[in-house]
Amino acid sequence: MPRLLLFDIDGTLMDTGGAGGASLLDAVEDVLGVSRSQLAPLDLAGATDAGVVRTLFSQTGHELADALVKQYLDRYLLRLHERLHHDSFTGRLLPGVESLLHQLKTRANADLGLLTGNVRAGADIKLQRFQLDSFFLEGAFGDDAEDRNHLGPFATRRIQAITGHTYSPEDIIVIGDTPKDIACARAIGARCLAVATGTFQAAALAHHSPWQCLEDLSETDRVCDLLLQ
Ligand SMILES: [Mg+2]
């Protein structure tokens, strides 16, 4: 059975240089009419967009009405696209990501997917910015569930439908940069390869007992062997 490798996006594949968080706040100002300076700092590490929206709507005194949420997210996506394609964009892919994905793509025993808190359209914008969108079969996204621990089955089910493979928990590895990635892997009985390229250092991640913990993904052959052994 091939390995099912489920990648987180922010802090794992890329650093958007703050553009993601800034776009969420742009949309608060544009649609909810509240200045970012009046909001408590956002804790985005391992968060889902659905959870972030709930927090922002609550902080600004808005009900989670479908029409307003859609208006908010549409605005967020517009601002995200603008920020990611602006001259001042300072985002980057994290060390080794491009090489690792190219290497894994050539392996018949690796099926690649996403497990991210980004809404699907936001994930697409971020991946397209770095030409990474063709690497992944499918995934689970921040518009599937508010609780990251509920996302795993969405990704597994969608990718199974494409590949015809029935993955057991031991075939699945989540690659992510926060304790919430480690927890959501555990929630489906999968392993987690934690990488210290986000806001958490390796020692802090190790405290949550991931299967493996690396400083980054730069040693392509070693990471590939680890994921596929
Ligand atoms: Mg992350």
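This passage looks at how two domains of one chain meet and at how a magnesium ion is held. The structure is a predicted model.

The domain assignment divides the chain into domain 1, made of residues 3-16 and 92-228, and domain 2, made of residues 19-84. Domain 1 is thus written in two segments. Between the C-alpha centres of domain 1 and domain 2 there is a distance of 24 Å.

The two domains touch each other through 19 residues of domain 1 and 16 residues of domain 2. The size of an interface is often expressed as the accessible area that is lost when the parts come together. Here, about 1,400 Å² is buried between domain 1 and domain 2, and carbon and sulfur atoms contribute 61% of that area.

Polar links also cross this interface, with 9 residue pairs found in polar contact. On the domain 1 side, helix H5 (residues 120-129) makes the greatest contribution, giving 5 residues. Sorted by class, that side holds 6 nonpolar, 7 polar and 6 charged residues. A single salt bridge is found across the interface of the two domains. Arg54 and Glu146 form a salt bridge in which the closest N and O atoms are 2.7 Å apart.

Turning to the metal, the magnesium ion is coordinated by Asp8 (OD), Asp10 (O) and Asp177 (OD), at 2.1 to 2.2 Å. Along the chain, these donors follow the spacing D-x1-D-x166-D. Asp10 sits in the loop between strand S1 (3-7) and strand S2 (14-15), while Asp177 sits in the loop between strand S6 (172-176) and helix H7 (179-187), so this pair ties together parts that are 167 residues apart in sequence.

Key:
Residues are numbered from 1 along each chain as its sequence is written. This is a predicted model: local features need pLDDT of at least 70, side-chain atom pairs count only at pLDDT 80 or more; totals for chains, interfaces and linings use all residues. Side-chain values use heavy atoms; hydrogens and water are left out. Domain bounds come from an automatic or database domain assignment. Contact means heavy atoms within 4.5 Å. Buried area is the accessible area (1.4 Å probe) that two parts lose on being put together, summed over both. A salt bridge is a side-chain nitrogen of Lys or Arg within 4 Å of a carboxyl oxygen of Asp or Glu. A polar contact is a pair of N or O atoms within 3.5 Å; within protein, one must be able to donate a hydrogen and the other to accept it, and residues adjacent in sequence count only if both atoms are side-chain atoms. Helices (H or I, at least four residues) and strands (E, at least two) are DSSP runs, numbered from the N terminus. Ala, Val, Leu, Ile, Met, Phe, Trp, Tyr, Cys and Pro count as nonpolar, Asp, Glu, Lys and Arg as charged, and the others, Gly among them, as polar. Donors are N, O and S atoms within 2.8 Å of the metal (3.2 Å for Na, K and Ca); water is not among the atoms, so sites may look incomplete.
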